Structure formats: C-alpha cells, structure tokens
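Morning, everyone. Please bring up the structure on your screens, and we'll walk through it together.

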Amino acid sequence: MLQPELKTARDVSEYLLKVTADALMQQDFESFAAVFGLPQTLTTENREIRLVTRDDLEATFQKMCQHFQSLGVTELRRTCEAAAFDGPDRVTATHTSYVIANGEPVLPPYPVFSVLGRIDGFWKIMQSEYALRDDDPQAKAMSPLKANDDKAMAIYQDHLDRTTDSMMRSDFAAFQKSFRLPHTMRTETDVQIVSTVDEMRKTFFKFAAKYAGLGATDFVRIAKEAHFHAEDEIRGIHESHLIRNGTRLIPPYPNRVRLVRCEDGLWRETHSANAMLNTSDRFHLWAEVSSTPRLPDLDIDPERTSK
C-alpha cells in the first residue's frame with residue numbers, strides 16, 4: 001500500500017487512524033494488515049496481548065469486526081490528541097476512540113497510546129495501550145485467543161506449584177532450579193534484578209523468614225491465563241493468596257510471569273511483575289498491596305532475554 005507524504009508526527013498518527021478505522025468498517029483485512037508491524041503488543045488494564053503472526057492479527061481483526069457488527073456500529077471516529085517524533089523513524093501518539101451507531105455513541109470514549117514505527121519506508125503501528133478494563137468486551141475482542149492454551153496453563157500452574165512448595169518448605173535448592181539468572185522482579189514502584197545465586201539465596205531466605213514470622217500456613221497461587229508467545233516462551237497471569245489457618249493475611253493481588261524453556265528442556269522463570277508497592281530496599285518484606293492493585297508490565301529488555 002502506497003503512503004502519502006507524511007511530514008509531521010500528527011500526519012503519521014492521523015493517517016494510520018483513518019486507514020485502520022476504514023479497514024475495520026469495510027472489513028478489509030489487507031489494508032488493515034499493511035499498517036501493522038509484527039510482533040505487535042496490545043495492552044489493557046492488566047493484560048498484555050501479543051500478536052506474533054499474521055494469523056494472530058487476522059484473528060483479532062475478525063473478532064473486532066464481529067464485535068462492532070454486534071453493536072450496530074456505523075462509524076469509528078478517532079481523534080489524535082498528541083503526537084511527537086521520538087527519533088526519525090518513531091512516533092509516539094495518543095488518540096481518543098469514539099464508537100458510534102447512527103450518530104449515537106455505543107461505548108464510552110477511551111484513550112489509546114500508540115508507538116508508530118517506519119519500517120522500510122512505511123509507517124506502521126507497533127504497539128498500543130488501551131485504557132480499557134480487561135473484562136471490557138472491546139478488550140476481549142482484541143485477543144486472538146478464544147481460550148487459554150491448555151498446555152501453557154498446565155506448565156504455568158506446575159511452575160507456580162513447585163516454586164510455592166519450595167518456598168513454604170524453605171528448600172532453596174529446589175526453588176533455584178525453577179529460575180534462570182539474571183531474574184527481574186518488578187513491583188508497582190520499583191524493580192530488582194537478581195544476577196547471582198548468592199543474591200537469590202539471600203532474598204529467598206528473607207522471604208522465608210517473613211512467612212514464618214507471619215505464621216503463614218498456605219501460600220496459594222492460581223493461574224488465571226497463560227499463552228505461548230513463542231515455542232519456548234510462556235507468559236501468564238496468576239493471583240496470589242497468603243493465608244494463615246484459613247484467614248487472609250493480606251488482600252489477594254495479581255502477578256505476571258515469563259517462563260522460557262532452556263537448553264536442558266526445563267521451563268524456568270526469567271521475569272515477574274507483581275501488584276505490590278514494595279521498593280527495592282524493601283523487597284525482603286512481605287507484599288504491601290494497594291487498595292486498587294495495578295499490575296505492572298514485564299518490561300522485558302530484548303538484550304537480556306537470549307538463552
């Protein structure tokens with residue numbers, strides 16, 4: 001698809017907004033796909049949707065078209081609120097989306113932040129963050145997956161069960177086997193990178209001592225979703241519950257984890273993100289949970305994710 005001369009960052013944003021809106025309304029996947037880069041990341045309140053293949057993108061496109069048809073949508077209106085160059089081939093932009101049927105809004109307007117990139121001379125959408133709740137029908141329509149991958153869920157829950165069991169038994173040798181270093185742990189307010197076995201051992205036993213001091217009898221972590229992002233990579237979300245004799249010690253809170261299959265065939269954790277308020281000098285203390293927990297992104301650095 002030929003693109004017009006786009007001189008300003010706003011020109012880039014408004015052009016891509018028009019192309020994608022027209023493509024959705026006309027159910028024209030080819031035009032839609034021409035302005036999306038892959039892999040593509042879409043995020044909602046606490047969820048990350050990863051589109052890796054053209055089939056993923058088409059599945060999302062078809063679900064969004066069906067969603068708009070079910071609402072009787074006659075117009076998608078997107079208004080660019082701000083746009084700026086972040087280098088010669090990158091634009092960051094924010095727009096507001098309006099979903100309209102016969103002149104009347106059928107959904108509340110919502111803002112979207114996007115990263116746009118120029119690839120081989122063509123501008124494309126590379127990443128978008130939607131101010132939508134995870135259970136919003138619009139957010140669900142963006143996911144190409146109808147259900148969690150059963151195999152990924154089984155692997156993810158097994159990892160949670162094994163690491164939880166080793167933590168409750170203070171068995172560092174068993175715990176260590178489930179992690180690949182360096183390991184990055186994020187909270188709502190900070191990040192800690194554990195680079196050595198000695199650092200992991202110290203952190204592990206500080207946590208174990210805290211559990212014992214609180215009299216915790218159960219630490220339950222329940223997988224909520226898990227998907228393969230590649231043949232040897234799984235990302236999932238789970239909920240954590242710390243309990244003493246059937247009573248919660250703190251409110252439950254959501255978490256994300258990235259697992260990779262290593263050369264020996266074992267799945268190991270490389271990243272976690274936790275809806276906790278702890279800062280790096282207080283990671284050894286138990287979770288401080290907000291009244292409205294916000295689950296941070298994994299924020300994976302590609303230079304540190306090679307096997």
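Let's start with one helix, α7. Its buried residues are Met 200, Thr 203, Phe 204, Phe 207, Ala 208 and Tyr 211. These cover an arc of only 135° around the axis, so they sit on the same side of α7. Keep in mind that this is a predicted model.

What do those buried residues pack against? Two helices, to begin with: α5 (150-168) and α6 (172-176). Then come the strands β8 (179-186), β9 (191-194), β10 (218-230) and β11 (233-244). Now turn α7 around. The face away from the buried side carries the exposed residues Ala 212 and Gly 213.

Next, a length check. Helix α7 has 18 residues, 197-214, so at 1.5 Å a residue it should span 26 Å. Its end C-alpha atoms are 26 Å apart, which agrees. After the helix comes Gly 215, with a positive phi near 75°.

On to the cores. The largest nonpolar core has 38 residues. Which of them touch the most other members? Leu 16, Leu 24, Phe 32, Leu 116 and Met 142. Helix α1, residues 9-26, gives the most to this core: 8 residues.

Look at Met 142. Skip its neighbours within four places in sequence, and Met 142 still contacts Leu 42, Thr 44, Ile 49, Thr 60, Met 64, Tyr 130 and Leu 132.

There is also a second, separate core of 18 residues. Among its members are Met 167, Val 194, Tyr 211 and Met 276. You've met Tyr 211 already: it is one of the buried residues of α7.

Last, cysteines. The structure holds 0 disulfides. Cys 80 is buried, at 7% relative accessible area. Cys 262 is buried too, at 14%.

How values were computed: Residues numbered from 1 in each chain as written. Predicted model: local features only at pLDDT ≥ 70, side-chain atom pairs only at ≥ 80, totals over all residues. Heavy atoms only, no water. Helix = DSSP H or I, 4+ residues; strand = E, 2+ residues; numbered from the N terminus. Expected span 1.5 Å × (residues − 1). Buried < 20%, exposed > 50% of the residue type's maximum accessible area, 1.4 Å probe, protein only. Arc of directions from axis to C-beta. Contact = heavy atoms within 4.5 Å. Disulfide = S-S within 2.5 Å. Core = buried A, V, L, I, M, F, W, Y, C linked by side-chain atoms within 4.5 Å.
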